[in-house]
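This report looks at the internal spaces of one protein, then at its sheet, and finally at one buried side chain. Please keep the sequence and the model in view while reading.

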Amino acid sequence: MAVHSRSILFCKEISKFLFFRKNVVRRSSHFQYYPDKNTPVEGETTKLNMFQAIGNAMDLALEKDQSAVLFGEDVAFGGVFRCSMGLQKKHGKDRVFNTPLCEQGIVGFGIGLAVAGSTAIAEIQFADYIFPAFDQIVNEAAKYRYRSGGMFDCGRLTIRAPCGAVGHGALYHSQMPEAYFAHTPGLKIVIPRGPVKAKGLLLSCIEDKDPCIFFEPKVLYRAAVEEVPKQAYKLPLGKAEIVVPGNHVTLIGWGTQVHVLCEVAEIAKNSHGISCEVIDLMTILPWDSETVFNSAKKTGRIIIAHEAPMTCGFGSELAASIQEDCFLHLEAPVRRVTGFDSPFPHIFEPFYLPDKWRCLDAVINIVKY
């Protein structure tokens with residue numbers, strides 16, 4: 001009888017939600033965008049969104065390095081997100097071209113190109129479909145230098161993949177798979193939060209001596225607009241950035257989640273008098289332990305937020321490392337605010353995401369601990 005009552009109650013709650021959803025305009029974005037105000041180099045800038053900044057980075061790379069090749073599903077006409085618009089026309093069909101729908105083949109081909117001396121820029125159309133290439137990435141690309149005793153490597157391989165929540169992607173077009181690859185020595189994993197960072201970090205990945213996975217939060221492709229330097233520039237891999245300085249709580253995120261945390265820091269300061277320090281990790285592997293540990297020792301309270309599920313998400317590694325190195329400085333246990341341990345939902349996406357209200361609740365609770 002009790003089970004029956006709970007079922008009726010749940011059905012009523014779902015009915016109310018569906019009624020609300022039909023009668024209220026829902027914003028697809030769960031965040032407010034905070035533009036990057038720091039220009040990494042002097043010189044002329046131009047207003048670009050993130051997919052344009054990524055396209056600009058690839059254009060500059062193809063222009064500078066005649067061995068560079070860009071390939072993937074539908075990249076010849078610009079890609080489904082338009083990142084490679086006009087690049088085939090400018091650089092030729094032998095350098096920018098489509099591949100079959102075979103992620104394992106795309107990455108395997110890229111490994112071969114890189115080992116042979118070319119610069120390979122491979123696109124996986126959605127990060128959710130990178131898993132057929134998992135063996136090629138973790139067992140071939142990541143281990144090539146080690147298994148050959150340093151005689152060979154495929155460090156000129158960059159794998160780009162759109163990732164993360166977009167408002168309507170459901171279980172096969174919304175995932176954040178960074179933690180799967182962070183367990184693999186030999187890879188570098190990068191996730192930008194906007195156009196300025198995307199251009200500089202992508203150019204660094206393309207020229208790096210290790211194979212790189214460059215995850216691009218697709219909700220930012222058009223939502224993120226900044227003044228981006230026209231010239232080529234690189235940003236260091238393995239270096240985090242303190243986006244908002246603070247004293248009471250450290251908030252750590254990457255990609256889209258950084259913007260959620262910036263708004264949380266603003267609300268916490270204005271409504272609760274809590275000073276939050278926001279850190280954009282930017283590089284997942286190798287991650288910047290120095291910046292994170294210094295902030296943890298300063299504030300004594302740390303919250304890590306990411307879209308991926310909690311269990312074995314990359315926040316777990318950060319939390320374990322922080323408590324190991326900073327234990328005597330902590331005023332409260334490290335908190336994680338993440339996606340849930342379930343497939344990524346469709347209509348229930350707003351409840352799944354670690355939005356500003358869940359993160360703010362964590363801030364208030366960790367200060368009260």
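## The largest cavity

Cys 163, Gly 164, Ala 165, Met 176, Pro 217, Trp 254, Thr 256, Gln 257, His 306 and Glu 307 form the lining of the largest cavity in what is a predicted model. The space in this cavity comes to about 60 Å³, and its lining, sorted by class, is made up of five nonpolar, four polar and one charged residues.

Rolling a probe the size of a water molecule over the atoms reveals where empty space remains. In this structure, two cavities of 30 Å³ or more are found.

## The second largest cavity

The second largest cavity holds about 30 Å³ of space. Its lining consists of Gly 78, Gly 79, Val 80, Phe 81, Arg 82, Cys 83, Glu 123, Arg 160, Pro 162 and Tyr 221, and by class these are five nonpolar, two polar and three charged residues.

## The sheet and a helix packed on it

Seven strands make up an open sheet with mixed pairing, in which the order of the strands is β3-β2-β4-β5-β7-β6-β12. The edges are taken by β3 (96-98) and β12 (283-285), and because each of these has a single partner strand, one side of each is left without a neighbour in the sheet. From one strand to the next, the twist averages 20°.

Within this sheet, strand β5 (residues 157-163) runs parallel to strand β7 (residues 212-217), and the two are paired over six bridges; Ala 161, for instance, has Phe 215 in β7 as its bridge partner. Helix α8 (residues 195-207) packs on the sheet, where it touches β4 (119-123), β5, β6 (188-190) and β7, and the direction of the helix makes about 160° with that of β7.

Some cavity-lining residues can also be placed by their numbers: Cys 163, which lines the largest cavity, falls in the range 157-163 given for β5, as do Arg 160 and Pro 162 of the second largest cavity's lining. Pro 217, again from the lining of the largest cavity, falls in the range 212-217 given for β7.

## A buried glutamine

Is Gln 136 buried or exposed? This residue, which belongs to helix α5 (residues 134-141), has a relative accessible area of 17% and therefore counts as buried, since the cut-off for that class is under 20%. Leaving aside residues up to four places away in sequence, Gln 136 touches Gln 104, Val 107, Gly 108, Ile 111 and Ala 141.

Methods: Residues are numbered from 1 along each chain as its sequence is written. This is a predicted model: local features need pLDDT of at least 70, side-chain atom pairs count only at pLDDT 80 or more; totals for chains, interfaces and linings use all residues. Side-chain values use heavy atoms; hydrogens and water are left out. On a 1 Å grid over the protein atoms alone, a cavity is a set of points where a 1.4 Å probe fits but cannot get out, and a pocket is an open set with protein on both sides within 12 Å along at least five of seven lines; lining residues have an atom within 4 Å of a point. Grid points are joined across faces, edges and corners, and a volume is the space filled by probe spheres set on the points. Ala, Val, Leu, Ile, Met, Phe, Trp, Tyr, Cys and Pro count as nonpolar, Asp, Glu, Lys and Arg as charged, and the others, Gly among them, as polar. Two strands pair if DSSP finds at least two bridges between them. Helices (H or I, at least four residues) and strands (E, at least two) are DSSP runs, numbered from the N terminus. Axes are lines fitted to C-alpha atoms, for helices over the stretch in contact, and angles run from 0 to 180 degrees between N-to-C directions. Contact means heavy atoms within 4.5 Å. Buried means under 20% relative accessible area, exposed over 50%, partly exposed in between (1.4 Å probe, protein chains only).
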